[in-house]
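Here is a short set of exercises on a single protein chain. Try each task before you read its solution.

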Amino acid sequence: MTRDVFGAFDEQVRTRLSALQSIAQSGGLDEAVEVMVASIRNGGVLQAFGTGHSQAFAMEIAGRAGGLIPTHAIALRDTVLMGDRPASDLGGGLLERDADIADELWSLHEFHPEDVFLIASNSGVNGSIVGIALRAKEKGHKVIAVTSLEHTNAVTPKHPSGKRLAEVADVVIDNLAPFGDATVPVGDDGVLAGAVSSITAAYIAQLLTLGTAARIQEAGETPPLYLSANIPGGDEHNDALKARYGERIGSMA
């Protein structure tokens, strides 16, 4: 039984990653990459946001070895670390469903007109996610969404606007996760395990990073990429490039 579910999950993941690779190879990510390249060339920062497990997407985009330096992760915990909310507000899922939290988060960060927002949400309907996307669009920013089209189209939006993330974004990338996210039956009661959205979203984040860096390199420019801080010269390399953006990219390293 155990080996069966391992094999079944492997198949579910491999099939989706292979499909995403085909999408990328056929140009399906080109529009997003062009938006990201234009932002960086114009001095912009790639602003990444996700709640719940979709925070993993933002962490793949912003502040990691092999990643692009002009990146910044927005998180619900910023309302505690930088704002006035008590830590207890982070418990449960109420905050990510709060449509008003977008205004609070917006007030805590410095955004420039050239910045692009990369927003990940498997369901694409929670108030904070849609709220940030709407606020970004209102301020003239491009929005790239990573979401499950199967899931988001099957559920009711929770934002007062009645909109889904996919309906707000300029560019939509399907993370190919199924409705409910989990993929492998365990037992006879119909309950599934083996969620895939975090894996596919992380893969998409890396494809977007690679595509953007390659496009910059092809133009004869040097892509601004982080080195690992845990190799000789890593800190010096990173600090020199991070200095161009200052507090706009926070203290990520």
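**Exercise 1: the overall build**

Task: State how many helices and strands the protein chain has, then decide how compact the chain is.

Solution. Begin with the count: the chain has 10 helices and 7 strands. Next, take the radius of gyration, which is 18 Å. The globule rule gives 18 Å for 253 residues, so the chain is as compact as a globular protein of that length. Keep in mind that this is a predicted model. Finally, add the extent: the C-alpha trace spans about 55 × 40 × 35 Å along its principal axes.

**Exercise 2: inside, surface and charge**

Task: Find what share of the residues is buried, and describe the surface and the charges.

Solution. Step one is burial: 45% of the 253 residues count as buried. Step two is the surface. The accessible surface comes to about 12000 Å², and carbon and sulfur atoms hold 52% of it. Step three is charge. There are 19 positive and 32 negative side chains. The centres of these two sets lie 2 Å apart.

One more step concerns contacts. Take those between residues at least 6 apart in sequence: 76% of them join residues at least 24 apart.

**Exercise 3: the aromatic rings**

Task: Classify the pairs that Trp106 forms with Phe111 and with Phe117 as stacked, tilted or edge-to-face.

Solution. A pair of aromatic rings is described by the distance of the centres and the angle of the planes. The chain has 3 aromatic pairs by this rule. Start with Trp106 and Phe111: their centres are 4.5 Å apart and their planes make 50°. That pair is tilted. Now take Trp106 and Phe117. Their centres are 5.3 Å apart, with the planes at 10°, so this pair is stacked; the cut-off for stacked is under 30 degrees.

Then place the stacked pair on the chain. Trp106 belongs to helix 5 (residues 101–107), while Phe117 belongs to strand 3 (residues 116–120). The pair therefore ties together parts that are 11 residues apart in sequence.

Last, check burial, for which the cut-off is under 20% relative accessible area. Trp106 has 11% relative accessibility, so it counts as buried. Phe117, at 0%, counts as buried. Phe111 is buried too. Together, Trp106, Phe111 and Phe117 form one aromatic cluster.

**Exercise 4: three loop residues**

Task: For Arg64, Ser54 and Ala177, give the loop, the burial class and the contacts, leaving out residues up to four places away in sequence.

Solution. Take Arg64 to begin with. Its loop runs between helix 3 (55–61) and strand 2 (71–74). Its relative accessibility is 34%, so Arg64 counts as partly exposed. Arg64 touches Met59, Gln206 and Tyr226. Leu225 is 161 residues away in sequence, yet its C-alpha lies 9.1 Å from that of Arg64.

Move to Ser54. This residue sits in the loop between strand 1 (46–50) and helix 3. Its relative accessible area is 16%, so Ser54 is buried. Its contacts are Ala120, Ser121 and Asn122.

Finish with Ala177. Its loop lies between strand 5 (171–174) and strand 6 (182–185). With a relative accessible area of 2%, Ala177 is buried. Ala177 touches Arg16, Asn122, Ser148, Glu150, Val196 and Ser197. For a distance along and across the chain, use Ile199: it is 22 residues from Ala177 in sequence, and the C-alpha atoms are 9.5 Å apart.

Terms used: Residues numbered from 1 in each chain as written. Predicted model: local features only at pLDDT ≥ 70, side-chain atom pairs only at ≥ 80, totals over all residues. Heavy atoms only, no water. Helix = DSSP H or I, 4+ residues; strand = E, 2+ residues; numbered from the N terminus. Rg over C-alpha atoms; globule rule 2.2 N^0.38 Å. Buried < 20%, exposed > 50% of the residue type's maximum accessible area, 1.4 Å probe, protein only. Contact = heavy atoms within 4.5 Å. Areas by Shrake-Rupley, 256 points an atom, 1.4 Å probe, with all protein chains shown as cover. Lys, Arg positive; Asp, Glu negative; His and termini not counted. Charge placed at Lys NZ, Arg CZ, Asp CG, Glu CD. Phe/Tyr/Trp six-rings, centres within 6.5 Å; stacked < 30°, edge-to-face > 60°.
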